[in-house]
Each structure stands twice: as C-alpha cells, then as structure tokens.
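Please open the structure in your viewer and keep the selection panel at hand, as this tour goes from a whole chain to a metal site.

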Amino acid sequence: MRFLLREIYYIALDFLQGVGSICLFLFRLLRYTPTALLRWRIVWQQIYSVGAMSLVLIMVSGLFVGMVMALESYHVLVKFAATAALGTGVALSILRELGPVVTALLFAGRAGTALTSEIGLMRATEQLAGMEMMAVDPVRRIVVPRFIAGAVSVPLLTMIFCAIAILGGYYVGVDLMGVDQGAFWSQMRVNVDLVDDILKSVVIKSIVFGGAISLIAVYEGYYSLPTAEGVSRATTRTVVNSSLAVLALDYLLTALLFHGA
Amino acid sequence: MAIHDLKHSDNVVEITGLKYRVGNKAIFDRLNVSIPRGKITAIMGPSGTGKTTLLRVMTGQVLADRGRVWVEGKNIARLSIDELYDLRKQMGFLFQNGALFTDNTVYENVAFPLREHTKLPENLIRHVVLMKLQAVGLRGAANLMPAELSGGMARRVALARAIALDPKIIFYDEPFTGLDPISMGVIVRLIRVLNDSLGLTSIIVSHDVEEVSSVSDHSYLISDGKVVAYGTPEELEHNKSAWVRQFMKGLADGPVPFHYPAPDYAGQLLGEEQA
Ligand SMILES: Nc1ncnc2c1ncn2[C@@H]1O[C@H](COP(=O)(O)OP(=O)(O)OP(=O)(O)O)[C@@H](O)[C@H]1O
Ligand SMILES: [Mg+2]
C-alpha cells in the first residue's frame, strides 16, 4: 500500500514537472513569436510543408467520416420518419466534435511526428549545435516557425475537413439514400448556430488543439535524447501525449464553452 | 593575474585552472591554456582526452565547473546569451562531423550565416558563397545535397561555411581526418593562408601529428586533463620526455595508454566465465 502511494506520488510529480517545463517552453516560444512573424517567408515555408503534407489525408478522412455519419444517422432517422433532419445531424456532429477532434488526431500522427523527428534528428546530428555556433538561436530559427506553422495549419485543416465531411454526408444522404435536397440544406441552415457551432466549436477548439499539438511536437523534438532511440521515443511520445491532450482538452472546452462551468 | 592584465594581454583565449567533469569522470583538472593572437595553435592529445570538449569550453557551449575562461577579454561564464552570440559572430567553428544542414544544398549551407547575419543582396551572397567554395575546391558541388558528399567533401563544405563570415577566431576540430593527400595539402595551406592573410587566430584540434606540426606555430599536448607539453613543433620534436616522444612519433610502447581505463583484462574474462 505504501509502495503504491509512493509510485503514485512519483508519477504525479513527473507529470507536474513535465507540464511545468512545457509551459516554460511555451512562454519562450511566445516571446519569440512576434519577431518570427516578421520573417514570414520562413513561417510560410513551414506552413506549406506542415499543412500541405496533411491536406490530402485530411480531405480523404473528412469525406469518409461524413459519409459514415450520414449512413448511420439515416438508418436511425428513417425509423422515426425524420430523415429531413439528416443534414442537421451530420453537420452538428461534425462541427461540434468530429471535425476538430479527428483533424487534430490525424494531424498529430501525420505532422506532429514529422516535426518531432525532424528537430530531434537535427539535435542528434549536431545541426542545432552548429547553428548555435553560428550565433543563430535554434529556438528562434527552427522551433518557433514550426510551432506557428502547426498552430495555424490545424484550424485551416479543420475547416477543410468539416466542409468536405458535410459534402460527403450530402452525397450519401441525398444522392444515395434519396433524402430531400432542400430539407437537407434548409434544416441545416436553421439549426446550425454561427456562434455556438462554428465560432465556439470549430474555431476555438481547433486553435487550442493546433497550439497544443505543435507545442508538444516541437518540445519533444527539441529535448529528445541525441540518439536513434531517443528520437524514436520522442516521436512516440508526441503521438501519445498530443492525442491524450487533444481528448482531454476537448472535454474541458466542451464543458466550459457549452455547459457553462 | 589581475583582470585588467587579461584585457590587454595579447591572448585571444586564456584558460586558467579549468576543471570540468562529466558524471564522475574528471576530464580537465586545473588546466591552463592560452592562445596567442594571430597564431596557429594546435591542441593535440590521444583520442578521448577531451580536445573536442576543450573547444566547447572555449566557445561557451559548455561551462567550466571551476576556473576561468576568457575569450577576447571577456569571461565567458558571465556573458548573457546575446553577448555570447555577439562573440560567436566573430568565431568560425569546424565541427568534427561537419554538422551540415542535411536538408539544404551545399550552396544554402554556406549561404546560411550570410543570410542570418548580413543584409547582403542575393548577388553578393552568391559571390561570397562561390568564392568560399572555390577556396575549398568544391564550387562545382554547390548544388549537391550533403548526403551526396563524401566525408572529406562534407568537411570541406563545413570549412567553407565556417569562414563565410570572415571570422576573427577559427576553431578546427580534426580538420584533416578523412581527407586524401591532395585535399589535405590544400586544406593545410588554406589554414595557413587564412591565418596570415586575414590576421586570424586559429586553433586546431587534431592528432595528426605530422600535418599539424607542419602548419602550427605552437602546440599544446594534453593528456589526463593536464597540459603535458607546450612549444613550437621543433621544441616538441626534441622534447626529452618519454611521453611526448612516444606521442609525437606514434610508438606503440611507452607511458601513453592506448586503452580506455578498464578493469584487469584476464580478471574480467575469467569473471565472465564464472558468471
Ligand atoms: N556526453 C558525454 N557523456 C559522458 N562522457 C562524455 C560525454 N562527452 C564526452 N565524454 C567523455 O569525455 C572525454 C573527452 O571527449 P572528447 O570528445 O572531448 O574527446 P576528444 O579528445 O575530442 O577525442 P577524439 O580525438 O577521439 O575526438 C571522453 O573520454 C568521453 O568519454
Ligand atoms: Mg574530438
């Protein structure tokens, strides 16, 4: 029993230490963000490489998620003769939950890991030390632009995901299942609220998720051990930690934004 | 020694009483080294004595546990990060493994310090980059990626990058390993020419006794965390100490240990058999 308590104590301590040092790292990144934005070319290049490499994955996933949602909802709604509500159902579940969360999880797996292993390998091959010797701060030159790029890409990708998912839902519902096209759109337009479902959910959630994933990814890369195993472990930690962070933040944000904690 | 003495001394780097340990292994124990301005100083010693570590100490990449490190009259432990970076803008550093940016071309690698620290227009940058690459004989390789270079070529590109900003002090970590005789000769001459024509101060870390002796003005021999000998190449050549003679002549037998410290060999083998 004593042993167990001590284990828990150490795990909790570890966790808090991790959170503390990642917060310090975040302050450091935020301090350099304005100057990094002035060198927009570097940031733009990173947005291109981080965002563009996830784009196809996000689009294809969005399409399938939308199609599945429509298929499932249709079979429930048809029992109550309420298929006119299909558009609403699909749009709300995509905008409120699936869009931001699935995009974030996919992004963590696709781009987060790439960021971590790129920065980790640069550390392992002394490229970061080389940069420091050329009087260039690798946090400012390498880490901050990647952090910004990740944080900016996720909201954009989330919007694309949602738009394509709704189109996928439309295709299954209207074209395949024969739901009335007018009902699909008009019901959706009446029931989707700009503030609640788009601003609060899609925009705020995706910004928070994007920031969290990018922060974890660059942090793990920057502090990875300079060995092959060190980098591979850091990459794994990025996926695990950022996925957990996304799910936990999703709960927190939903509770705060919609159920007025 | 009083502080103002150091400020006006003509030593670019002055290390006094340096102690440095990694884990519980003492790498330096009260080491004293001074690097005179405008000269080529070599630091030699067996593999693993801490030559690379000494360069790291001199450039502020690691901090000494004890002792003082003065570079250009500044106590390196007291500098803020910005002051340290200002100092490093006057330094060139050739890493033992090159440390090239693997995702950029040779050209972009050499252009990097110019783009970061100058506002030169693109055509001037191009001029400087091609000039530096020409000096190391790799102008034709400008568009290759580092992965397409051999080890010796990568080292020469790294050298071109290290001198891109015309530094005042240049640190070479093992500049001669992996070079064929011709590029070796070219690099040896380049180090000499750079030093004399630009008024640089050069610090070479190496264990290639012959090449280093042919180019350096003074050499330090370090071992076991201490300076074993100091002098011009001729002085070291004629040094009476058995240790120095063994090292300079590359003899197998003598006081210099070839092995990393280890438990008794026979005992270890027998011990493993029992286990
Ligand atoms: N990160 C580290 N952790 C533990 N020990 C280290 C570390 N870095 C260096 N050392 C130890 O410090 C000593 C000096 O290393 P260093 O790389 O400075 O040697 P060196 O003289 O440059 O050798 P070489 O000529 O082979 O390049 C070595 O004995 C090594 O075991
Ligand atoms: Mg070394």
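Begin by selecting chain B and colouring it by secondary structure, where eleven helices and ten strands appear; helices (H or I, at least four residues) and strands (E, at least two) are DSSP runs, numbered from the N terminus. This is a predicted model, in which local features need pLDDT of at least 70, side-chain atom pairs count only at pLDDT 80 or more, and totals for chains, interfaces and linings use all residues. Residues are numbered from 1 along each chain as its sequence is written, chains are lettered from A and ligands numbered from 1 in the order in which they are written, and side-chain values use heavy atoms, with hydrogens and water left out.

Next, turn the C-alpha trace of chain B, which spans about 65 × 50 × 40 Å along its principal axes. If you colour chain B by accessibility, buried residues (under 20% relative accessible area, with exposed over 50% and partly exposed in between, for a 1.4 Å probe and protein chains only) make up 47% of its 275 residues.

Now select ligand 2, the magnesium ion, which is coordinated by OG1 of B:T52 and OE1 of B:Q96 at 1.9 to 2.4 Å. These two residues are 44 apart in the chain, with B:T52 in helix α2 (residues 51-58) and B:Q96 in the loop between β6 (91-94) and α4 (106-117). Donors here are N, O and S atoms within 2.8 Å of the metal (3.2 Å for Na, K and Ca), and water is not among the atoms, so sites may look incomplete.

Finally, select each residue in turn: are they buried or exposed? B:T52 counts as partly exposed, because its relative accessibility is 24%, and B:Q96, at 36%, also counts as partly exposed.
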